[in-house]
Amino acid sequence: METVKIPVGGMKCVSCSAAVEESLSALDGVSEVSVNLGNNTATVRYEPSKITLEDLEETIRRTGYYPAWSRLRLTVKGMDCPSCVQGLEESVRSKEGIRSVSANLGTGVLQVEFDESVLDQQMIESFVRSAGFEPVSAEGEDLYAREMREQRRLILIAAVLGIPVFVLSMLFGMTDINFGLDIRTQHFILFLLTTPVQLYCGKQFYVGTLAAIRSRRANMDTLIAIGTTAAYVYSTAVTFLPQFFVDTHVYFESAAMIILLILIGKYLEMYARHGTTEALRRLMELQPRSATVLREGKEVIVAVEDLKLDDLVLIRPGGQIPADGVIVDGRTSVDESMVTGESIPSFKEVGDEVIGGTINVNGTITVRVTRLGKETVLSQIVQMVEDAQASKAPIQRIADRVSAYFVPIVVLAALAAFVFWFAVGFDIYGSELGRLPMALMVFISVLVISCPCALGLATPTAIMVGTGKGAEYGILIRDGAALEKAGNINVIAFDKTGTLTVGEPFVTDVIPYGDEDILRIAASGEKGSEHPVAEAVIRKYREERGEEPLDPEDFQADPGRGLLFRLDGKEFFFGSLSLAEGKEGEADAAKDVVSLASMGRTPMVLSDEHRVLGVIAVADRIKDGAVETIRTLRDMGIEAVMITGDRRETAEAIAAELGISRVLAEVLPADKVDAVRSLSESGVVAMVGDGINDAPALAVADVGIAMGGGTDVAIETADIILIRDDIRDVVATVQLSRRSLRKICENLFFAFVYNVVCIPLAAGILYPSMGILLPPIVAAAAMAMSDASVIGNALLLKRYSPEIRQTV
């Protein structure tokens, strides 16, 4: 038996903790559960052979809450290839108190979930150092600029020394130009020029190799270090001990140019990787530096960091809103495109919420600050995008598995090629190079041309661009797994109210059976009610008559049936048909009730003590874009399902209007989870809801999509949050995810094919038939460009716009 203490988020009362405790206790393999509302933890004693920690966490999510482990993001220097990533992850994951670890090669970020009662940041940083890497305090642009400057400096030194080595080697070896120098002097000059390149400019490869050895792994640095060292050491030996060699040709140019080309390749890779986070940087730049605060009737300019809750901030036309708040004076239009993706400015007036970082277009407003710092919508969006870009998609496991064995296999292949050409191949096919030089060149070429980095970058670069692109459109994707699953969705279940429909009833029909003003009577009766239907009837009366309805003289609600009231001394009944039972005109009302219900409307009958006066029907309006969304999903091969608590007749009428053929009607809120589970046989299931009432259903779906997050983007149970209240963004999410997934597959395909084709070429497979032997310098150039090609392909996503957005 094992005991684990899981921090639980979202619990607010005793019933919350009781729900979590009950759900966990019901699991097979759990022997004891104690949920503490005071410190928001669940202590669980369980049998690992029957149930896992992941199962416990999933149960908490399905109950409507979430595991709230402490999170830490560290920028780590020294991660250069997939083997580095795996070595770091395994080393940190093995420590007590660590829940999960994810290192991202694309961003150079390590993300850790941990138990803060056991560990702190300093301890985790020490784990990183012990694995052979260095956590750095510099962030974002500072770190990027520093590393780019360092790489440029090394490239300059390598070029100033390495290019002359290459030119002189060609002159000495292929022409009669020797400047009057004997061969030993020529070699010594090449040695002097190459040594700083090998030992100083190439130092990072040796450092990376030593770190890999300490973690019992081999990485890309290992391949470069072995290959260039072999060329350098062999050439140095020929230079100072020529009497021991039959062929005295040296290969200093190979060592120097390989290092130069690899450095250039790493520089291009860093530049391209920086481009994948452009969307995130634009979000971070939205935060204004200062704000105009009203204090004691005077305008005071303060730094945004000095704002306090409830400060009154004055924002003039064209100014940026410095923090989240509520308008207390004035009206305006606000450009929220940079946060929500909505291109049309939103009208705002007193009482409306505004988001920090957005732009006040045309009116002067005063805003009371309600959120600051990490609590603002913009900060939460940035945090979510950062987390998503640091995460891994399940498909990356393919590359991870290959990368774990890649470098050792390449080293063995290089050794096998060396042995073959030295012992057998040279005797059969011959070469002008000589036996040892030929075998050595093949050995170096195989090592240098192989590219584990392309495999490691294939997935994270596409995730970084895809999640960043999503943020531009107001689509917040929690992690790489959500992006991948969204690209494979087969079924999308929509909660009807507030998702497919506006969620606000309106009057559709007013059918009088005589001369009575039934709208005036019904509106006056409903004035004593707070029901949404009452609001619809009263709103209709105000719009048509331009006046307020009368106050009822007496009012009494009959739960489940309707209401009874007196007006002008007469008694009236308004609600279900049962209130008109036995009265004159009941038969006509019954026909209208059936007819209206078949059209998806909710009919209500108005009667007095003796007869039916008429029927008024209300309905929930279908959202703009809902029909287009369902049609587009169908064209994409995705089945749409509607889940609602409405009666089947009403539900099927609305579904028919939307073009939905599968309806789960009369589903109580508590039964939505089972309804979503029932769809799982159809494939990958997404649930679209409001993120609050539908939280358990979102949690149990393969992909939970919360609609219209607006100023609430911290919806833990949702995998994807749509900031705008636009149903078409569901389609945009799937289209973006599919395109991102396609880029991942293209990158993986290229990375695999590149290595499968190039390694045999470097091993000399074409030499017997065509006499082609790949020089190490050409191999290095190919390897340097392969990483940039993968990243460049991912960057093409930046030009992509979801097809449904192009028609809006």
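How are helices α25 and α27 oriented relative to each other? In this predicted model, the axes of helix α25, which covers residues 728-762, and helix α27, which covers residues 776-795, come within 9 Å and cross at roughly 165 degrees. Because angles over 145 degrees count as roughly antiparallel, α25 and α27 are described as roughly antiparallel to each other. The crossing in which α25 passes α27 is right-handed. On the side of α25, the contact is made by K743, E746, N747, F750 and Y754, and on the side of α27 by A782, M783, S786, S789, V790, N793 and A794. By character, the residues of this contact divide into 6 nonpolar, 4 polar and 2 charged.

The setting of this helix pair is a chain of 808 residues, of which 53% are buried. The chain has 28 helices and 30 strands, and its C-alpha trace spans about 125 × 65 × 50 Å along the principal axes. Among the contacts in the chain with a separation of 6 or more, 69% are accounted for by residues 24 or more positions apart.

A further residue of helix α25 is N755, which counts as buried because its relative accessibility is 6%. When its neighbours within four places in sequence are left aside, N755 is in contact with F406, S450, C451 and P760. Helix α13 contains Y405, and with a relative accessible area of 57% this tyrosine is exposed. Although Y405 and S83 are 322 residues apart in sequence, their C-alpha atoms are 8.9 Å apart in space.

A second helix pair is formed by α6, residues 183-201, and α7, residues 203-214, which pack at an angle of about 40 degrees with their axes 5 Å apart. The two helices, α6 and α7, are therefore oblique to each other. Their contact is made by Q198, L199, Y200 and C201 of α6 together with K203, Q204 and Y206 of α7. The residues of the contact of α6 with α7 divide into 4 nonpolar, 2 polar and 1 charged.

Aromatic side chains were examined next, and a search of the whole structure finds 14 aromatic pairs. One of these is formed by F418 and F443, whose arrangement is edge-to-face, with 6.1 Å from centre to centre and 75 degrees between the planes. This pair links distant parts of the chain, since F418 lies in helix α13 (residues 396-429) and F443 in helix α14 (residues 435-449), 25 residues apart. With a relative accessible area of 23%, F418 is partly exposed, whereas F443, at 10% relative accessibility, counts as buried. The rings of F565 and F572 have their centres 5.7 Å apart, and because their planes stand at 25 degrees the pair is stacked. Both partners are buried, F565 with a relative accessible area of 2% and F572 with a relative accessible area of 4%. Elsewhere, F188, F191, Y232, F240 and F252 form one aromatic cluster.

Backbone geometry was also considered at two aspartates. Residue D310 has a positive phi of about 75 degrees although it is not a glycine, and its place is in the loop between strand β10 (298-303) and strand β11 (312-315). At 49% relative accessibility, D310 counts as partly exposed. Residue D568, likewise not a glycine, has a positive phi of about 55 degrees and is placed in the loop between β22 (562-567) and β23 (570-575). Because exposed residues are those over 50% relative accessible area, D568 counts as exposed at 53% relative accessibility.

Technical notes: Residues are numbered from 1 along each chain as its sequence is written. This is a predicted model: local features need pLDDT of at least 70, side-chain atom pairs count only at pLDDT 80 or more; totals for chains, interfaces and linings use all residues. Side-chain values use heavy atoms; hydrogens and water are left out. Axes are lines fitted to C-alpha atoms, for helices over the stretch in contact, and angles run from 0 to 180 degrees between N-to-C directions. Helices (H or I, at least four residues) and strands (E, at least two) are DSSP runs, numbered from the N terminus. Angles under 35 degrees count as roughly parallel, over 145 as roughly antiparallel, 65 to 115 as roughly perpendicular and the rest as oblique. A crossing is left-handed if the near helix is turned anticlockwise from the far one by less than a right angle, and right-handed if clockwise. Contact means heavy atoms within 4.5 Å. Ala, Val, Leu, Ile, Met, Phe, Trp, Tyr, Cys and Pro count as nonpolar, Asp, Glu, Lys and Arg as charged, and the others, Gly among them, as polar. Buried means under 20% relative accessible area, exposed over 50%, partly exposed in between (1.4 Å probe, protein chains only). Rings of Phe, Tyr and Trp (its six-membered ring) pair if their centres lie within 6.5 Å; planes under 30 degrees apart count as stacked, over 60 as edge-to-face and the rest as tilted.
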